[in-house]
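Please open the model in a viewer and keep a selection tool at hand. The tour proceeds by stops, each with a selection to make and a description of what is found there.

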Amino acid sequence: MTSQAGGLATPSAPTTAIVNGLLLMLLAMLAAPLIDIFSKLATGTTSPTMITAARFLFQALFMLPIVLWNGLWRNFSWRMSAYHAVRAAIITLSMICFVATLAVMPVADAIAIFFVEPIILTILASIFLGETIGWRRYTACGVGFIGAMIVIRPSFEEVGLISVLPVITAFCVAVFALMTRALAPRENPWAMQFQMSLWGIPICALLLLVGDMAEVDFLATSMPDLTVLLWLVGVGFFAALSGILAVYAYRVAPASVLAPLQYFEIVSATLFGWLVFGDFPDAVKWLGIAIIIGSGLYIIWRERRVAAKPVTAAETSVASRISTP
């Protein structure tokens with residue numbers, strides 16, 4: 001599971017640039033499930049909070065040379081520090097919930113449930129950003145949630161309420177995306193990603209301190225051996241790599257073209273989960289996954305149709321108001 005913040009290319013991007021963007025996004029969706037594979041490997045001896053802390057730490061370390069080389073630290077908006085801290089807190093909660101799920105659920109199942117996030121984002125954008133959502137997209141949202149329930153039901157019978165955590169993760173990531181959308185016109189995407197990691201480290205450190213004091217295993221620290229340390233480095237490396245690839249993909253190709261490729265992560269997650277853990281969704285779960293993907297693709301298609309319509313003066317006024325955090 002990954003989250004990216006990237007600039008949007010114009011719809012008139014040259015064909016070559018679009019092809020490059022598609023290839024970059026495919027590579028990003030191949031790398032993204034490896035974050036969860038390494039996280040799941042580490043859950044045997046390491047708490048979800050410590051894995052999340054390691055992800056922020058190593059992701060920041062891998063991004064640091066790029067930030068320094070390009071002078072991106074000059075683009076940090078310190079007056080927006082509280083805003084970045086809230087973003088980091090929200091994404092930290094989402095990651096902890098998702099890693100906790102990976103400890104007991106197959107990677108593909110967890111990611112499939114998480115992909116109700118675009119559906120949640122559509123609903124939240126309608127409520128908080130005033131975006132007009134027609135009955136077709138609302139219907140697709142409802143169908144998508146039915147698909148998620150199909151995947152969750154057998155998992156719920158096996159592991160209980162923890163199978164609902166990917167939905168909480170999806171909700172947090174949707175809120176995170178709304179905040180990122182508001183901030184994106186003012187901030188460099190690299191600076192935003194790096195500052196998120198910088199804030200995530202102390203937030204996780206505080207949670208780990210509380211966990212040790214209260215003796216809560218879910219939040220506890222532990223000393224990783226060399227193998228686990230390599231897995232934690234892998235978590236941070238692939239988080240940074242998938243984020244970098246996605247940023248460059250969004251820079252050269254329109255978001256409307258790239259969005260459907262995000263569902264390729266379910267396919268790659270299924271492949272890696274099968275190769276590493278021997279997990280493979282059964283027919284019922286594949287039905288739920290197909291419904292989630294179908295509803296998500298329909299929502300993307302409808303958004304492209306709506307975006308292609310002429311924008312009225314009133315809609316322009318609303319857009320100008322919501323673009324300011």
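How do the residues of the lining of the second largest pocket divide into nonpolar, polar and charged? The model is a predicted one, and this pocket is the opening stop.

**Stop: the second largest pocket**

Select Met50, Ala53, Ala54, Leu57 and Phe58, then add Ile201, Cys204, Ala205, Leu208, Pro224, Leu229 and Leu232; these residues line the second largest pocket. Colouring them by class answers the question: the lining has 12 nonpolar residues, no polar residues and no charged residues. The space enclosed in this pocket is about 190 Å³. Now display helix H2 (48-69), helix H8 (189-214) and helix H9 (226-252), each of which supplies at least two residues of the lining. H2 gives the most, with five residues.

**Stop: the cavity**

Keep H2 on display and add H1 and helix H3 (81-102); H1, H2 and H3 each supply at least two residues of the lining of the largest cavity. A search of the whole structure finds one cavity of 30 Å³ or more. The volume of the largest cavity is about 70 Å³. To centre the view, select Ile35, Ser39, Arg55, Met95 and Val99, which are the closest to the cavity centre among the 12 residues that line it. Here H3 gives the most to the lining, with four residues. The lining of this cavity comprises eight nonpolar, two polar and two charged residues.

**Stop: H1 against H11**

Remain with helix H1 (residues 15-42) and bring in helix H11 (residues 264-277): the two pack at an angle of about 40°, and their axes are 8 Å apart. That angle makes H1 oblique to H11. The crossing of these helices is right-handed. On the H1 side, select Leu26, Met29, Leu30, Ala32, Pro33, Leu34, Asp36, Ile37, Lys40 and Leu41; they meet Phe264, Glu265, Ser268, Ala269, Phe272, Gly273, Val276 and Phe277 in H11. By class, the residues of this contact are 13 nonpolar, two polar and three charged.

**Stop: H4 against H7**

Next, select helix H4 (residues 107-114) together with helix H7 (residues 165-183). Their axes come within 8 Å and cross at roughly 45°. H4 and H7 are therefore oblique to each other, and H4 passes H7 in a right-handed crossing. Show side chains for Ala110, Ile113 and Phe114 of H4, and for Pro166, Val167, Thr169, Ala170 and Val173 of H7, which make the contact. Seven of the contact residues are nonpolar, one is polar and none is charged.

**Stop: H5 against H6**

Which way does H5 pass H6, in a left-handed or a right-handed crossing? Select helix H5 (residues 117-128) and helix H6 (residues 135-159) to see how they pack, at an angle of about 140° with axes 9 Å apart. The two helices are therefore oblique to each other, and the crossing is left-handed. To inspect the contact, select Ile119, Ile120, Thr122, Ile123 and Ser126 in H5, which meet Tyr138, Cys141, Gly144 and Phe145 in H6. The contact of H5 with H6 contains six nonpolar residues, three polar residues and no charged residues.

Conventions
Residues numbered from 1 in each chain as written. Predicted model: local features only at pLDDT ≥ 70, side-chain atom pairs only at ≥ 80, totals over all residues. Heavy atoms only, no water. Axes fitted to C-alpha atoms, helices over the stretch in contact; angles between N-to-C directions. Parallel < 35°, antiparallel > 145°, perpendicular 65-115°, else oblique. Left-handed = near helix turned anticlockwise from the far one by under 90°. Contact = heavy atoms within 4.5 Å. Nonpolar A, V, L, I, M, F, W, Y, C, P; charged D, E, K, R; others polar. 1 Å grid on protein atoms, 1.4 Å probe; cavity = no way out; pocket = protein on both sides within 12 Å on 5 of 7 lines; lining within 4 Å. Points joined across faces, edges and corners; volume = space filled by probe spheres on them.
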